[in-house]
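This note sets out points for a colleague who is examining the structure shown below. The points are numbered so that each may be checked in turn.

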Amino acid sequence: MTTTAARVHAETADVRFPSAWSLGLARGAMEIRQFFRMRDQVVFTFAFPVVFLFLFASIFSDDIDSAGITASQLYVPAMMAAGIMSTSFQSLGISIAIERDERVLRRLRGTPMPPAAYFLGKIWLVLVTGFLETVILLLVGTTLYDVDLPSDPARWAEFAWIFVLGLTACALLGIAISSVPKSGKSATSVVVLPFLVLQFISGVYIAIDTIPDWMLNIGALFPLKWMCQGLRGVFLPDSARILEQTGSWEFGRVALVLGAWCVGGLLLCLLTFRWKSRRDG
């Protein structure tokens with residue numbers, strides 16, 4: 001090896017390439033900038049759960065005397081849970097399917113960027129949008145519907161792990177379901193339908209005590225029902241527990257189910273995720 005070649009080899013060996021974590025941060029910052037540049041998407045993303053909260057809270061405004069709350073208060077944590085799933089499961093399921101169909105994923109796979117950096121970027125995006133949407137709903141709930149913020153730090157700790165586990169589980173499921181649509185054009189229909197059904201059988205639009213048990217049992221197989229229940233336990237008084245199927249918030253079971261879906265969602269992603277569309281082979 002010549003002296004020049006040896007020097008080039010030594011300099012190349014000393015080069016430190018960015019880690020997947022730092023590339024994921026950079027990718028996440030880019031995803032967030034792109035999101036906020038599309039103003040119509042930003043408005044509809046954050047306004048959708050607020051508008052539905054206003055509609056349902058206005059229609060069902062009676063007091064629930066046995067629970068010590070109003071019906072409108074019951075909708076606030078439920079809409080927060082639906083908002084978390086909307087910004088993670090629905091958003092990723094549709095956007096990744098479109099990026100695959102437009103061959104964005106195929107081009108990214110051909111670059112030196114580690115695959116983990118792409119997924120980290122998506123996770124950062126849903127963390128930011130999910131957090132902002134939750135804050136907006138909390139502001140609306142406390143301002144218009146007299147939802148009290150917890151004064152016990154333990155309740156905020158419960159909120160934190162419900163938010164993180166729920167968002168992670170739904171994001172992984174969104175990545176997994178993105179492989180189901182045959183094209184980007186059909187992604188919205190494929191992703192929105194199961195999400196809409198889950199909202200009705202998980203206690204988002206209809207109170208738990210009015211949903212048939214067999215529907216609740218189906219809803220209990222998925223994360224949304226448990227996010228709704230956990231967030232009700234955080235933001236509603238203990239007197240509202242009687243509205244739950246078991247008369248309890250069941251925080252332990254909420255953690256167990258959401259944690260299981262994080263593991264199960266990761267396995268589904270590993271087994272089903274594709275960088276190419278079906279027409280590309």
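1. Which residue's side chain meets that of Arg 155 in a salt bridge? The partner is Glu 158, with an N to O distance of 3.7 Å. As with every value in this note, the distance comes from a predicted model. Arg 155 and Glu 158 both belong to helix α7, where three residues, about one turn of the helix, separate them. Helix α7 spans residues 153-177.

2. The surroundings of Glu 158 deserve a remark. The relative accessibility of Glu 158 is 18%; because buried means under 20% relative accessible area, Glu 158 counts as buried. When residues up to four places away in sequence are left aside, Glu 158 touches Val 234 and Phe 251.

3. The overall architecture is as follows. The chain holds 11 helices and two strands, and their order along the sequence is α-α-α-β-β-α-α-α-α-α-α-α-α. Along the principal axes, the C-alpha atoms occupy a box of roughly 85 × 45 × 35 Å. The chain has 281 residues, of which 45% count as buried. Its accessible surface is about 14300 Å², and carbon and sulfur atoms account for 67% of that area. Considering contacts between residues at least 6 apart in sequence, 78% join residues at least 24 apart.

4. Salt bridges form the next topic. Side chains of opposite charge can pair when their charged atoms come close. Over the whole structure, seven salt bridges are found. One of them joins the side chains of Lys 122 and Glu 31 at 3.3 Å, N to O. This pair connects distant parts of the chain, since Lys 122 is in helix α6 and Glu 31 in helix α2, 91 residues apart. Lys 122 is buried, its relative accessible area being 1%, and Glu 31, at 5% relative accessibility, also counts as buried. Both residues take part in a network of salt bridges that links them with Arg 27 and Glu 99.

5. A further salt bridge is made by the side chains of Arg 232 and Glu 244, at 2.6 Å from N to O. Arg 232 lies in helix α10 (residues 223-235) and Glu 244 in the loop between α10 and α11, and the two are 12 residues apart. Are these residues buried or exposed? Both Arg 232 and Glu 244 are buried.

6. The search of the whole structure also yields 20 aromatic pairs. In the pair of Phe 89 and Phe 195, the ring centres are 6.4 Å apart and the planes stand at 55 degrees, so the pair is tilted. Phe 89 is in helix α4 (residues 71-101) and Phe 195 in helix α8 (residues 187-201); the pair thus links distant parts of the chain, 106 residues apart. Phe 89 and Phe 195 are both buried.

7. Tyr 118 and Trp 275 make another tilted aromatic pair, with 5.8 Å from centre to centre and 55 degrees between the planes. Tyr 118 belongs to helix α6 (residues 115-144) and Trp 275 to the segment after α11 (251-272), so the pair ties together parts that are 157 residues apart in sequence. Tyr 118 is buried, as is Trp 275.

8. Two other aspects of the aromatic residues may be recorded. Phe 48, Phe 52, Phe 56, Tyr 75, Phe 200 and Tyr 205 are joined into a cluster by ring pairs. In addition, charged groups sit over rings at two places: the charged end of Arg 100 is over the ring of Phe 273, at 5.1 Å from its centre, and Lys 225 lies over the face of Trp 226, at 3.9 Å from the ring centre.

9. Finally, which residues make the nonpolar surface patch of about 420 Å²? They are Phe 36, Phe 131, Leu 132, Val 135 and Leu 139. Helix α6 supplies the largest share of the patch, namely four residues. Phe 36 is located in helix α2 (residues 20-37). With a relative accessible area of 36%, Phe 36 is partly exposed.

Conventions. Residues are numbered from 1 along each chain as its sequence is written. This is a predicted model: local features need pLDDT of at least 70, side-chain atom pairs count only at pLDDT 80 or more; totals for chains, interfaces and linings use all residues. Side-chain values use heavy atoms; hydrogens and water are left out. Rings of Phe, Tyr and Trp (its six-membered ring) pair if their centres lie within 6.5 Å; planes under 30 degrees apart count as stacked, over 60 as edge-to-face and the rest as tilted. Buried means under 20% relative accessible area, exposed over 50%, partly exposed in between (1.4 Å probe, protein chains only). A charge sits over a ring if NZ of Lys or CZ of Arg is within 6 Å of the ring centre and within 35 degrees of the ring normal. Patches are made of residues with over 30% relative accessible area and no salt bridge: like charges are joined within 9 Å, nonpolar side chains (Val, Leu, Ile, Met, Phe, Trp, Tyr) within 5 Å. Accessible areas come from the Shrake-Rupley method with a 1.4 Å probe; for residues, only the protein chains shown count as cover. A salt bridge is a side-chain nitrogen of Lys or Arg within 4 Å of a carboxyl oxygen of Asp or Glu. Contact means heavy atoms within 4.5 Å.
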